[in-house]
Each structure stands twice: as C-alpha cells, then as structure tokens.
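Biologist: Please take one part of this model and look at it closely with me. Keep the steps short, and show how that part fits with what surrounds it.

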Amino acid sequence: MSLNVVTYEIVAQETPNVIRNCRNCKRSTEYFCSDKFRVNANQKMVDIWLIYKCIHCEATWNCPILSRVNVNRIDPILHQKYMTNDKETIWYHAFQINKLRKLCDAVKKDINYEVRKEKSDSVSNEVTIKICCKYDFGLRIDKLLAEILDISRSKVSKMEKEEAFLLYPTVSMKDKVIDDLQITVKGNQRILG
C-alpha cells in the first residue's frame, strides 16, 4: 500500500472583526481592522496600537500592542514593520483572538478563507492530508475536512465513528484547525478529486 500526502493551505482572506461599544453610535457594534498601526513616541518611550474602525461611523479604537516601551528594547526590524504598516505584522496582531477577547465584547471569527490544494498525482488506499494554517480563527477540523472531502459534516462524523481518520497530533474533530495538522484518511476514500 502506498502513502500519499496532500497539503492544503488555509488562507485567510480578511481579519476578524471585533465587537465593542462605539461612543458615536451609542451601542455595541462591529469594528474592522484598518490595516494600520499608530506609533506614538515620547522621547525614548514608544506606544503602538493597531487601529480599528467602526463599520457604521468609522470611529476608531486603538488596540494596544506595546505601551511605554523604551525604543531600544524593540527589535529594529520589528520597529520598522510597525512604522511602515507591514501587513504580515498587522495580521499577526489582528489574529491574536484571546488577547482581543479580553479587550472587546466579542471577536467575530467567521471570516472568508480559501483552501488551496497542492497538486498531487499519486493514487493510494491511504491519504494523509497535511494542513498549513498561518492564522487561528476558530475553524473546526470537522468543518474543514467536510469541505476538503466535499462531503457533509454528518458523513465526516459517521466516518469518525468508523475510525476512518487518524489525527496527528491527537486532537478531537471538534477542535480548531492548527498549523501542521495531519489527518490520515484510512481505506479507499475518494478524496483527491
């Protein structure tokens, strides 16, 4: 029996919105990430925020990243990324879900994403699906697997009960997708399409 590894990359198309009170709207509302940092330097001390905007009135909320930090204690390359609004650095902070939850009423993790499949030619009885996922936005393993296999979540659940899946590391199908997760699909399953 041959083994076939197929890699799927989960690419976020947007950052999660947050829900918090808007002073202008006088109610709890959604804020989106503006993809901009605000850097404020007072002599040698630096404050850095990630700017969010209300989807209704564009009022801003500054999400604290660094507070009263000596500029000499910040890696110069990272400091430059803050100064130039480096997208990768912005998205890194915008996906810090646990930190955002402490600062806001809620985080909306239902974002648009794309599943990109690496081409694979070999056909085998057993396939291992390797997941590359740069950002954690709460996507469940069973939901993603149903999408990849193009089957219903109830079919995924049935296959799980039949022990058709082997997950490494050992996690539950209801857990969130993590980077470098490997799912071996046992038996002769048509999943590569």
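Modeller: A residue is called buried when its relative accessible area is under 20%, and exposed when that area is over 50%. Values in between count as partly exposed. Keep in mind that this model is predicted.

Our part is strand β4, residues 45-54. Is it mostly covered or mostly open? It is mostly covered, with eight of its ten residues buried.

Now look at its neighbours. In general, the strands of a sheet pair through backbone hydrogen bonds, and the pairing can be parallel or antiparallel. On one side, β4 pairs with strand β3, residues 27-42, in the antiparallel sense. Nine bridges join β3 and β4. Two pairs help you follow them: Asn40 is matched with Asp47 in β4, and Phe32 is matched with Lys53 in β4. β3 and β4 make a hairpin, with two residues between the strands. In that turn, Gln43 has a positive phi of about 60°.

On the other side comes strand β5, residues 60-70. β4 and β5 are also antiparallel, and eight bridges link them. Here, Val46 has Val69 of β5 as its bridge partner. These two strands form a hairpin as well, with five residues between them. Glu58 in this hairpin takes a positive phi, near 65°.

Step back to the whole sheet. Which order do the strands take? The order is β5-β4-β3-β2-β6, in an open sheet of five strands with antiparallel pairing. β5 and β6 (106-108) stand at the edges with a single partner strand each, so one side of each has no neighbour in the sheet. From one strand to the next, the twist averages 40°.

What lies across β4? Helix α1, residues 76-83, lies across β3, β4 and β5. It runs at about 125° to β3. Helix α2, residues 87-94, lies across β3, β4 and β5 too, and its angle to β3 is about 130°.

Side chains come next. In a regular strand they alternate between the two faces of the sheet. Leu50 and Tyr52 are among the residues that touch the most other members of the largest nonpolar core, which has 54 residues. Ile129, Ile131, Phe165 and Ile183 belong to that group as well. The largest share of this core, six residues, comes from α4. Helix α4 covers residues 141-149, and seven of its nine residues are buried.

The strand ends at residue 54, and that brings us to a cysteine. Cys54 counts as buried because its relative accessibility is 0%. Why does Cys54 form no disulfide with Cys25? A disulfide is a covalent bond between the sulfur atoms of two cysteines. The cut-off used here is 2.5 Å between the sulfurs. The closest cysteine sulfur to that of Cys54 is in Cys25, at 3.8 Å, so the two are too far apart for a bond. Compare Cys132, which is partly exposed at 25%. Its closest cysteine sulfur lies 8.9 Å away in Cys133, again too far for a bond. The count of disulfides in the model is zero.

To recap, β4 is mostly covered, with β3 paired to it through nine bridges and β5 through eight.

How values were computed
Residues numbered from 1 in each chain as written. Predicted model: local features only at pLDDT ≥ 70, side-chain atom pairs only at ≥ 80, totals over all residues. Heavy atoms only, no water. Buried < 20%, exposed > 50% of the residue type's maximum accessible area, 1.4 Å probe, protein only. Helix = DSSP H or I, 4+ residues; strand = E, 2+ residues; numbered from the N terminus. Pairing = 2+ DSSP bridges. Axes fitted to C-alpha atoms, helices over the stretch in contact; angles between N-to-C directions. Contact = heavy atoms within 4.5 Å. Core = buried A, V, L, I, M, F, W, Y, C linked by side-chain atoms within 4.5 Å.
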